Amino acid sequence: MADEKSPDAGSCQCAPHSACCRIGPSMLASDLANLAGEAKSVLAAGADELHLDVMDGNFVPNITWGAPVIASLRKHTPEAFFDCHMMVARPSQWVADIAKAGGSRYTFHLEAVEGAEARDELDVAALCKLIQDHGMKVGCAIKPGTSFEAVAPFVALVDMVLVMTVEPGFGGQSFMPNMMPKVLALRTAHPALDIQVDGGLGMATIDAAAAAGANIIVAGSAVFKSEEKPVVIAQLRRGVERLGNGKEEEDCTPLPSLGEDGEWIQWG
């Protein structure tokens, strides 16, 4: 694990990169009794994708949902990009089901495939090929205790690396700034790579994540508990544009405004 001393936003500053910012609200933080409505609300507010946490009660000590729920949500959001974060002990077991349900990106945990915790029958290369063969993008997630060096050999096989900024399994945890050197190492080694961060992201932590080089931001409570979802999503995007892409303030995504009819106006 990275050094426990927490760096501030300025101590992990990447060189400007061209990786496009994407904001993915974590549906685990939504009103689960109104999953479709919540998904539509954040998509209308400017979200680029929906982050769907699949937990099996084995790899992590919690259970969420599986392919049937994802398939039901797909019927209500046919054009949405489904970012499926698979916190499961055997990721290869669920590839076909998630693809059939409508998954767009299948993010497996490296620890489930490589190392002491691994229980999957496939190795990383075979799992990546299986995911691709099922028409999905490939993501690889690493827990806080897994190093940059552990994932480095597999970066060429995947479309995205997810650096967890909390321990996986539950929402609402505090952001771990000591994960930022790991993000910076990935960004420095791979300037065009999609790097996702997940856990405790919001207005108070976006600058640290963006400065280190993260370009795909998963935010749960920060989005769903806000009465101004379009503003929050735009602010997160602006953080990546300023501190990651190196844009000037005036060149960043404009903040939305509230029209006279009470509807949000998205500029730009």
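# A quick tour of the parallel sheet

Strand β4 is covered on both faces: R105, T107 and H109 are buried on one side, and Y106 and F108 are buried on the other. That fits the overall count for β4, where 5 of its 5 residues are buried. Keep in mind that you're looking at a predicted model. From β4 we'll step out to the whole sheet, then to the strands and helices around it, and finish at a buried glutamate.

**The sheet as a whole**

- The sheet is open and has 8 strands, paired in parallel, in the order β1-β8-β7-β6-β5-β4-β3-β2.
- The edges belong to β1 (22–25) and β2, and each has a single partner strand, so one side of each is left without a neighbour in the sheet.
- From one strand to the next, the twist averages 25°.
- As a bit of background, strands of a sheet pair through backbone hydrogen bonds, either parallel or antiparallel.

**β3 and its link to β2**

- β3 (82–87) is mostly covered too, with 6 of its 6 residues buried.
- Its side chains split two ways: F82, C84 and M86 point one way, D83, H85 and M87 point the other way, and all are buried.
- β2 (50–55) runs parallel to β3, and 6 bridges join the two.
- If you want a spot to look at in that pairing, V54 stands opposite M86 in β3.
- Together with helix α2, β2 and β3 make a right-handed β-α-β unit.

**From β3 to β4**

- β3 and β4 (residues 105–109) run parallel as well, joined by 4 bridges.
- Going from β3 to β4, the chain passes through α3, and this β-α-β crossover is right-handed.
- Several residues help you line the two strands up: D83 has R105 as its bridge partner in β4, H85 stands opposite T107, and M86 stands opposite F108.
- M86 is therefore a handy landmark, because it stands opposite V54 on the β2 side and opposite F108 on the β4 side, and it is buried.

**From β4 to β5**

- The next strand over is β5 (residues 137–142), which runs parallel to β4 and is joined to it by 5 bridges.
- Here the route goes from β4 through helix α4 (residues 124–133) to β5, and this β-α-β crossover is also right-handed.
- Y106, a buried residue of β4, has V138 as its bridge partner in β5.

**Helix α2**

- α2 spans residues 67–76, and its buried residues are A67, I70, L73 and R74.
- Seen down the axis of α2, those residues fall within an arc of 125°, so they line one face of the helix.
- That buried set packs against α1, β2, β3 and α3 (95–101).
- On the face turned away from the buried side, you'll find the exposed residues P68 and K75.

**Helix α1**

- In α1 (35–44), the buried residues are L35, A36, E38, A39 and V42.
- Looking down the axis of α1, they fall within an arc of 165°, so they too line one face of their helix.
- Their cover includes β1, β2, α2, α8 (221–224) and α9 (229–243).
- After α1 comes G46, which has a positive phi, near 115°.

**A buried glutamate, E49**

- E49 is found in the loop between α1 and β2.
- Is E49 buried or exposed? E49 is buried, because its relative accessible area is 0%.
- Which side chains make polar contacts with the side chain of E49? One is that of R22, at 2.6 Å, and another is that of R105, at 2.9 Å.
- R105 already came up as a buried residue of β4 and as the bridge partner of D83.
- Leaving aside neighbours within four places in sequence, E49 is in contact with R22, I23, G24, P25, F81, D83, R105, Q196 and I216.

Note on methods. Residues numbered from 1 in each chain as written. Predicted model: local features only at pLDDT ≥ 70, side-chain atom pairs only at ≥ 80, totals over all residues. Heavy atoms only, no water. Buried < 20%, exposed > 50% of the residue type's maximum accessible area, 1.4 Å probe, protein only. Polar contact = N/O pair within 3.5 Å; in protein donor to acceptor, adjacent residues only side chain to side chain. Contact = heavy atoms within 4.5 Å. Arc of directions from axis to C-beta. Pairing = 2+ DSSP bridges. Right-handed = clockwise from strand over helix to strand, strands pointing away. Axes fitted to C-alpha atoms, helices over the stretch in contact; angles between N-to-C directions.
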